[in-house]
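Reader: I am new to this structure and would like to know what stands behind the words used for it. Could you take me through them?

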Amino acid sequence: MPSKVLPKELESIVERHEKNPIISKKDVPFACAYIFNAGAIKLNGKYALLVRVEDTKRKSHFTLASSDNGIDFTIPKSYVFSPSHKEPCERYGVEDPRITKIGNKLYFPYTAHSSQGPAVGLAVTTNFKKIDRLGIILSPADKDAVLLPEKVDDEYVLYHRPSSSKSMWICYSKDLTYWGRNKCVMKPVAGSWDSEKVGAGAVPIKTEEGWLHIYHGISGNVYRLGLAMFDLKHPSKLIRRSENYILAPEKDYERVGGVNNVVFTCGAIVENNKDVKIYYGAADTCICLATTTLDKLVDFVKRY
Ligand code: BMA
């Protein structure tokens with residue numbers, strides 16, 4: 001039997017914003033090389049992006065872009081978070097923050113880089129004015145960590161990718177410091193768009209059907225985005241996974257840059273009317289916006 005075709009209208013269930021890239025180097029009021037992969041959060045009606053800025057020494061820091069409409073962002077003249085001189089694991093920079101709100105706290109795991117390889121650091125804030133470091137929570141080589149927005153059975157839940165495994169793993173903690181019960185939850189699929197590595201993307205979105213992940217997959221050095229659904233009560237249980245990707249590098253700004261052929265997300269925002277804004281780094285050079293609806297994403301992961 002021939003394979004099922006993907007209907008034409010589903011080729012683009014996410015729509016690129018006409019102003020893409022919505023943030024690029026020209027919008028940054030200080031010298032930098034690139035601005036990309038951003039954690040995203042909407043607080044009191046305002047949008048905030050914790051964006052990775054690579055300086056001209058090739059070290060990444062975070063700055064905080066803010067916006068009233070989620071499209072036009074302003075960037076302050078300073079970093080909000082930089083590699084700590086006291087932390088050997090951050091010698092080469094801090095990268096790819098993913099912001100999760102739990103209660104009134106904003107937690108952001110990030111990738112810390114050093115000669116040891118990537119490791120996972122965790123920080124917490126309420127308003128980004130004062131940020132507390134909770135330290136390196138996963139030793140090298142590990143990255144692509146994202147915290148679930150709710151505790152499950154009174155434990156925090158973190159998805160991550162140990163570099164040796166190329167797969168997405170889960171671990172749990174009662175105090176955000178000590179993490180355990182590691183388990184592999186989603187592997188690359190041979191011959192597919194995510195055949196080489198898979199890792200977390202945006203903070204998982206709670207739906208009636210489960211935790212919806214917009215994750216990244218790599219194949220042939222091309223980074224694309226796809227969907228997976230995990231069980232609400234047992235977040236280690238993969239229920240569904242889209243065979244088709246939802247976003248791939250096609251536009252010039254996604255195909256050519258610091259690293260070619262990359263679309264990579266660290267954050268999406270679900271509006272009250274269930275519209276979804278996916279913020280993504282393009283070609284490790286700039287920040288773009290793609291929009292869709294939660295219904296479309298859930299339907300897609302169930303059927304395609
Ligand atoms: C991943 C991460 C991302 C980056 C991507 C493409 O491994 O390091 O920060 O956008 O590679 O270079």
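Author: Happy to! The ligand takes up the space of the second largest pocket. This is a predicted model, in which local features need pLDDT of at least 70 and side-chain atom pairs pLDDT 80 or more, while totals for chains, interfaces and linings use all residues. Residues are numbered from 1 along each chain as its sequence is written, and side-chain values use heavy atoms, with hydrogens and water left out.

Reader: What makes this space a pocket, and what does it take for a molecule to sit in one?

Author: On a 1 Å grid over the protein atoms alone, a pocket is an open set of points with protein on both sides within 12 Å along at least five of seven lines, whereas in a cavity a 1.4 Å probe fits but cannot get out; lining residues have an atom within 4 Å of a point. A molecule sits in a pocket if more than half of its atoms lie within 2 Å of the grid points. The ligand's space is the second largest pocket, so the ligand meets that rule.

Reader: How much space does the second largest pocket hold, and which residues lie nearest its centre?

Author: The second largest pocket holds about 340 Å³, a volume being the space filled by probe spheres set on grid points joined across faces, edges and corners. Its lining has 22 residues, with R52, D96, K143, Y223 and D284 nearest the centre. Strand β2 gives the largest share of this lining, 3 residues; strands are DSSP runs of E with at least two residues, numbered from the N terminus.

Reader: Which residues surround the ligand?

Author: They are N37, R52, D96, K143, Y223, V259, V262, F264 and D284. Each counts as near because one of its heavy atoms lies within 4 Å of the ligand.

Reader: Why is Y223 counted as nonpolar in that shell?

Author: Because Ala, Val, Leu, Ile, Met, Phe, Trp, Tyr, Cys and Pro count as nonpolar, Asp, Glu, Lys and Arg as charged, and the others, Gly among them, as polar. By that rule the shell has 4 nonpolar, 1 polar and 4 charged residues.

Reader: How do you know that D96 makes a polar contact with the ligand?

Author: A polar contact is a pair of N or O atoms within 3.5 Å. A polar side-chain atom of D96 is 2.5 Å from a ligand oxygen, so this pair qualifies. The side chain of D284 has an N or O atom 2.6 Å from an oxygen of the ligand, and for N37 the distance is 2.9 Å. The protein buries 88% of the 300 Å² that the ligand exposes when taken alone, by the Shrake-Rupley method with a 1.4 Å probe.

Reader: What about the largest pocket: which residues lie nearest its centre?

Author: I41, P149, A268, I269 and V270 do, among 20 lining residues. The largest pocket contains about 540 Å³ of space, and its lining divides into 12 nonpolar, 2 polar and 6 charged residues.

Reader: Which peptide bond leads into P21, cis or trans?

Author: The bond from N20 to P21 is cis, with omega near -10°. P21 belongs to the loop between β1 (15-16) and β2.

Definitions and conventions
A polar contact is a pair of N or O atoms within 3.5 Å; within protein, one must be able to donate a hydrogen and the other to accept it, and residues adjacent in sequence count only if both atoms are side-chain atoms. Helices (H or I, at least four residues) and strands (E, at least two) are DSSP runs, numbered from the N terminus.
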